[in-house]
Amino acid sequence: TGLEAYNIRRYIRGIPEGQQEIPRDDVLPMNSNFDIMGGIDFKKGCYVGQELTIRTHHTGVVRRRILPVSLFPLTSTPPEKMGYDAEAEVETPEPGQEIKIQGKRGKPGKWINGVGNVGLAMCRLELMTDLQVTGEPSTFSAEDKFVVGGEQEGLGVKAFVPDWMRSKIRAPKLQRRVE
């Protein structure tokens, strides 16, 4: 259908839309990529959440963002590039399911919404991608497998950082120590 095709294109680009994908009491505007899509005016004053948004902007550290993700059977290898596969044999998870690292502790993300093998997830950038957003060493490992829906019967999840997003996420500021 037309709506499904629209959503597939949106998911592949990593663009959330509406209350289900951007829950107002659960995420900050920067987690939903509003800052890199030009949706926040950092010069305007007096809006709900302004202080936290400005403080986050000036520290330059947004650890979690909504990213496009691809689903795949755990028995297969993760995809190399983001793309919709009409023949993919995956059942889209229910919104809100935790994404886990197979065989390890931690919650690197949460499934948001999707169609077929593509969707959106709230991802901890330094766990699920090669982006470095703090001055600390990244814990990302290309060998880690991310899973939604259980480590045995679930689906593999691979996060992708689109080029448009990668070029707008600021590199970490190096803190200078005063001695």
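So, strand pairing to begin with: two strands count as paired if DSSP finds at least two bridges between them. Helices and strands themselves are DSSP runs, H or I over at least four residues for a helix and E over at least two for a strand, numbered from the N terminus.

Okay, what you're looking at is a predicted model, where local features need pLDDT of at least 70, side-chain atom pairs count only at pLDDT 80 or more, and totals for chains, interfaces and linings use all residues. Residues are numbered from 1 along each chain as its sequence is written, and side-chain values use heavy atoms, with hydrogens and water left out.

Let's take β3, residues 109-115. On one side there's β2, residues 98-101, running antiparallel to β3 and joined to it by two bridges. Find Ile99, and opposite it in β3 you'll see Gly109. Then there's β4, also antiparallel to β3, with six bridges between them. Val115 sits opposite Val118 of β4. Those two strands make a hairpin with two residues in between, and Gly116 in that turn has a positive phi of about 60°. How much of β3 is buried? Six of its seven residues are, so the rest of the structure largely encloses it. By buried I mean under 20% relative accessible area, with exposed over 50% and partly exposed in between, using a 1.4 Å probe and protein chains only.

Now over to β6, residues 155-159: four of its five residues are buried, so this strand too is largely enclosed by the rest of the structure. β1 runs antiparallel to β6, with five bridges, and Leu71 has Val157 as its bridge partner there. β5, residues 146-148, pairs with β6 as well, antiparallel over three bridges. In that pairing, Val148 is matched with Leu155.

Last stop, the helix α1, residues 2-13. Twelve residues at 1.5 Å each should span 16 Å, and the end C-alpha atoms are 17 Å apart, which agrees. That expected span is 1.5 Å times one less than the number of residues. Which residues of α1 are buried? Asn7, Ile8, Arg10 and Tyr11. Look down the helix axis and they fall within an arc of 165°, so they line one face; the arc is taken from the directions from the axis to the C-beta atoms. What do they pack against? α2, β1, β3 and β4, where contact means heavy atoms within 4.5 Å. And just after α1, Gly14 takes a positive phi of about 80°.
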